[in-house]
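Biologist: I am new to this structure and would like a close look at a single part of it. Could you choose one strand and walk me through its surroundings with some care?

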Amino acid sequence: MRKIFFSLLVICFAQGAFAQKQLVWQLLGMTTYQTDPGDSGELNYSPQFPAVLETQFEGEEVVISGYLIPIDLEAGKYALSKNPFTSCFFCGNAGPETVMELHFSENPGRFATDEYLMIKGTLQLNRNGSGLFFVLRNAEIHG
C-alpha cells in the first residue's frame with residue numbers, strides 16, 4: 001500500500017512539471033474486475049476502475065512506459081504491457097490490468113517485441129467488457 005501511495009504522491013508532484021500526466025502501472029493495477037461467461041463460452045471481464053483514474057486521468061493526455069507487444073503488424077495494432085511478452089497477460093501470467101491498447105495517430109512502423117518505450121496519448125477507459133480495459137488514443141512515441 002505504501003508503494004501505491006508513494007507512486008500517487010510522485011504523480012501529483014510531477015503534474016506541474018509536464019504537460020502530460022504521468023501514468024504508472026501501479027495506479028492501473030488498482031483496477032479490479034469480475035469475470036462472467038459470455039454467450040460464446042469466452043470469459044467477459046467487467047472492470048471497476050478506481051475513482052482517481054476516472055476523475056483525473058480519463059480523457060487526459062498521459063505518458064506511460066512499458067513493453068511493446070505487436071498484435072497485428074499489418075494492421076499496425078500494438079499493446080503496451082507492464083511486463084515483457086513472456087510474462088504478459090496474453091501468456092496467462094498477469095491480469096488484464098497490466099496491458100493497454102495503443103491506437104497510434106500515425107502508422108508507427110514496426111517495432112521489436114518487448115521494446116521498452118515511453119508512449120504519449122489520450123487515456124480512454126473501456127467499460128464495455130470487450131477489448132482491453134485501457135486504450136491510449138492518438139498514441140505516439142514520447143522521448
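**A close look at strand S5**

Modeller: Before turning to the strand, please keep in mind that this is a predicted model. Of the 143 residues of the protein chain, 37% count as buried, and the chain has three helices and eight strands, which follow one another along the sequence in the pattern α-β-α-β-β-α-β-β-β-β-β. Among contacts with a separation of 6 or more, 56% are accounted for by residues 24 or more positions apart. The accessible surface of the chain comes to about 8,200 Å², and carbon and sulfur atoms hold 51% of that area.

Against this background, the part I would pick is strand S5, which covers residues 77-81. Four of its five residues are buried, where buried means under 20% relative accessible area, and S5 is therefore largely enclosed by the rest of the structure.

Two pairings of S5 can be followed from here. With strand S4 (residues 61-72), S5 pairs in the antiparallel sense over five bridges, and the two strands form a hairpin with four residues between them. In the turn of that hairpin sits Gly-76, whose phi is positive, at about 70 degrees. S5 also pairs with strand S6 (residues 99-104), again in the antiparallel sense, over four bridges.

A good residue on which to rest your eye is Ala-79 in S5, which stands opposite Ile-69 and which has Glu-101 in S6 as a bridge partner.

Note on methods
Residues are numbered from 1 along each chain as its sequence is written. This is a predicted model: local features need pLDDT of at least 70, side-chain atom pairs count only at pLDDT 80 or more; totals for chains, interfaces and linings use all residues. Side-chain values use heavy atoms; hydrogens and water are left out. Buried means under 20% relative accessible area, exposed over 50%, partly exposed in between (1.4 Å probe, protein chains only). Contact means heavy atoms within 4.5 Å. Accessible areas come from the Shrake-Rupley method with a 1.4 Å probe; for residues, only the protein chains shown count as cover. Two strands pair if DSSP finds at least two bridges between them.
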